[in-house]
Amino acid sequence: PKAHLDVARWIEDAPVGEQIREFQTALFGEFDKVDPFALSRLTRLYVAIGFAVEARTLLEDLDADFDGREILLELTGIVADAPYPAEGLLHAQIDCPAHVTLWRTIAIDRGETLPVDGIDAVVAAFSELPIETRRQVGPRLVRSLLNRNQTDAARTAFAVVDRAPGD
């Protein structure tokens, strides 16, 4: 489902520090059992703010299953710039919603051509990401688009990061 890759929606309006504290507090329940919902929320928040390595460590170290865990684990690798596995879930995702195509385009850097409406949707989905995530994955998205001969889209993606506030 789209929600498993819609990183832009993983940050709430509350200050990030408060969100982290809330999810960390809820992470362990009675008898130190991991709360899968809290783990899901905390690791998604970590990915959204650029802490993909920390999110991956939590997912690998804590035994809790939840819907979307495997794709989230793959996403932590993409954001952290780890090599994408040949058997990754995104390999089979073609003609999918923009958020899926965005992460597939970043993860799988090969010369396949994206449909024009797909390119626009990918750049739009990229522009919705939190700035921290855009800065981390932006160079790979631009490189991937250039490898696909999508020069205009690469320029637009570069501008989305280059013109972002905060520098």
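Buried, as the word is used in these legends, means under 20% relative accessible area. The model shown is a predicted one.

**View 1. The whole protein chain, with eight helices and zero strands.** Read from one end of the sequence to the other, the protein chain follows the pattern α-α-α-α-α-α-α-α. Of the 167 residues in the protein chain, buried residues make up 49%. Among the contacts with a separation of 6 or more, residues 24 or more positions apart account for 58%.

**View 2. Val-161 in helix 8, which spans residues 151-162.** Val-161 counts as buried because its relative accessibility is 17%, and the cut-off for that class is under 20%. Leaving aside residues up to four places away in sequence, Val-161 touches Phe-126, Arg-134, Arg-135 and Gly-138. For orientation, the C-alpha atoms of Val-161 and Val-137 are separated by 9.8 Å, although the two residues are 24 residues apart along the chain.

**View 3. The crossing of helix 3 (residues 52-61) with helix 4 (residues 69-79).** The axes of these two helices come within 8 Å and cross at roughly 145 degrees, and the crossing is left-handed. On the side of helix 3 the contact is made by Ala-52, Ala-55, Arg-56, Leu-59 and Glu-60, while helix 4 contributes Arg-69, Leu-72, Leu-73, Thr-76, Gly-77 and Val-79. Sorted by class, the contact of helix 3 with helix 4 has six nonpolar, two polar and three charged residues. Two of the helix 3 residues in this contact, Arg-56 and Glu-60, also form a salt bridge with each other, in which the closest N and O atoms are 3.2 Å apart. Arg-56 and Glu-60 are four residues apart in helix 3, and are therefore separated by about one helical turn. An α-helix has 3.6 residues a turn, so residues three or four places apart point the same way. Arg-56 is itself partly exposed, with a relative accessible area of 29%.

**View 4. Helix 4 and what covers its buried residues.** Helix 4 is mostly covered, with ten of its eleven residues buried. The buried residues are Arg-69, Ile-71, Leu-72, Leu-73, Glu-74, Leu-75, Thr-76, Gly-77, Ile-78 and Val-79, and what covers them includes helix 2, helix 3, helix 5 and helix 7 (131-147). Glu-70, which also lies in helix 4, is partly exposed, its relative accessible area being 48%. The side chain of Glu-70 makes a polar contact with the side chain of Arg-69, at 3.3 Å. The C-alpha atoms of Glu-70 and Gly-88 are separated by 9.4 Å, and these residues lie 18 residues apart along the chain. Just after helix 4, Asp-81 takes a positive phi of about 65 degrees.

**View 5. Helix 5 (residues 98-107), another mostly covered helix.** Nine of the ten residues of helix 5 are buried. They are His-99, Val-100, Thr-101, Leu-102, Trp-103, Arg-104, Thr-105, Ile-106 and Ala-107. Helix 5 is also one of the elements that cover the buried residues of helix 4.

**View 6. Salt bridges that involve the segment before helix 1.** For the model, the count comes to seven salt bridges. In one of them, Glu-128 pairs with Arg-9, the closest N and O atoms being 3.6 Å apart. This pair links distant parts of the chain, since Glu-128 is in helix 6 (residues 116-128) and Arg-9 is in the segment before helix 1 (16-26), 119 residues apart. Glu-128 is partly exposed, with a relative accessible area of 37%, whereas Arg-9 counts as exposed at 54% relative accessibility. Arg-9 and Glu-128 are further linked with Asp-6 in a network of salt bridges. In another salt bridge, the side chains of Glu-12 and Arg-41 meet at 1.9 Å, N to O. Glu-12 lies in the segment before helix 1 and Arg-41 in helix 2 (residues 36-48), so this pair ties together parts that are 29 residues apart in sequence. Glu-12 is partly exposed, with a relative accessible area of 35%, and Arg-41 also counts as partly exposed, at 24% relative accessibility.

Notes: Residues numbered from 1 in each chain as written. Predicted model: local features only at pLDDT ≥ 70, side-chain atom pairs only at ≥ 80, totals over all residues. Heavy atoms only, no water. Buried < 20%, exposed > 50% of the residue type's maximum accessible area, 1.4 Å probe, protein only. Axes fitted to C-alpha atoms, helices over the stretch in contact; angles between N-to-C directions. Left-handed = near helix turned anticlockwise from the far one by under 90°. Contact = heavy atoms within 4.5 Å. Nonpolar A, V, L, I, M, F, W, Y, C, P; charged D, E, K, R; others polar. Salt bridge = Lys/Arg side-chain N within 4 Å of Asp/Glu carboxyl O. Polar contact = N/O pair within 3.5 Å; in protein donor to acceptor, adjacent residues only side chain to side chain.
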